[in-house]
Amino acid sequence: MIEPVRADITQLHVDAIVNAANNSLLGGGGVDGAIHRAAGSALLDACQHLSGCPTGEARITPGFNLPAQYIIHTVGPAWQDGHHGEKQLLENCYRNSLQLALENNVKTIAFPGISTGVYSFPKDKAAEIAVKVMREFEYRFEKIIPCCFSEGDLVLYQNILSG
Ligand code: ADP
């Protein structure tokens, strides 16, 4: 089941939440900063051992102080003009995150809108890509949650899912 919710992703009681990280994996602004603050400093220690992550790939750590058991860190593409492989890289983020989740027996997982903040990926295009990949994996999870930070984002996902 794909069930969009409007929430702060750090508060969700799921097996795994996904972080929209940057290549260093050492924290940043937006959802990344919120996750590091909520998980505590042990998360930074764990991330330092990962030696970064290429764009489109994913890495896993414990959730530490979060209600979620795991954090899957993926690095979305920064939007340039749509002709620099951005769509494929964003698709890779969703696919690699869900694959890594399966390998760790994750049954419930929540995603923020990867690349749709500071990285400026157009929200409608990003949501279409997210839902396309989520649908491919839907039946191997109990619940895949697009975690929307605004009412507008929630409506966007609801419209795509009902269409
Ligand atoms: P990126 O650099 O990949 O664009 P951002 O963190 O800037 O990452 O934004 C990604 C998305 O996460 C945006 O849609 C933003 O509104 C959303 N977001 C920010 N904080 C949270 C949060 N605490 N929970 C869920 N979503 C969040």
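**Ligand site.** I looked up the surroundings of the ligand in this predicted model and found 14 residues around the ligand, the closest being Val31, Ser115, Thr116, Gly117 and Val118. I then went through polar contacts and noted that an oxygen atom of the ligand lies 2.8 Å from a polar backbone atom of valine 31, while an oxygen atom of the ligand is 2.9 Å from a polar backbone atom of valine 118. For aspartate 8 the contact involves the side chain, where an N or O atom is 2.9 Å from a nitrogen atom of the ligand. I also checked cover: of the 560 Å² of accessible area that the ligand has on its own, the protein covers 89%.

**Helix pair.** I turned next to helix α3 (residues 86-103) and helix α4 (residues 123-137), whose axes come within 9 Å and cross at roughly 35 degrees, and I recorded the crossing of α3 past α4 as right-handed. Among the residues making the contact I listed Leu90, Tyr94 and Leu98 of α3, together with Ile129, Val133 and Phe137 of α4. Sorting the residues of this contact between α3 and α4 by class, I noted 10 nonpolar, one polar and six charged.

Notes
Residues numbered from 1 in each chain as written. Predicted model: local features only at pLDDT ≥ 70, side-chain atom pairs only at ≥ 80, totals over all residues. Heavy atoms only, no water. Axes fitted to C-alpha atoms, helices over the stretch in contact; angles between N-to-C directions. Helix = DSSP H or I, 4+ residues; strand = E, 2+ residues; numbered from the N terminus. Left-handed = near helix turned anticlockwise from the far one by under 90°. Contact = heavy atoms within 4.5 Å. Nonpolar A, V, L, I, M, F, W, Y, C, P; charged D, E, K, R; others polar. Near = heavy atom within 4 Å. Polar contact = N/O pair within 3.5 Å; in protein donor to acceptor, adjacent residues only side chain to side chain. Areas by Shrake-Rupley, 256 points an atom, 1.4 Å probe, with all protein chains shown as cover.
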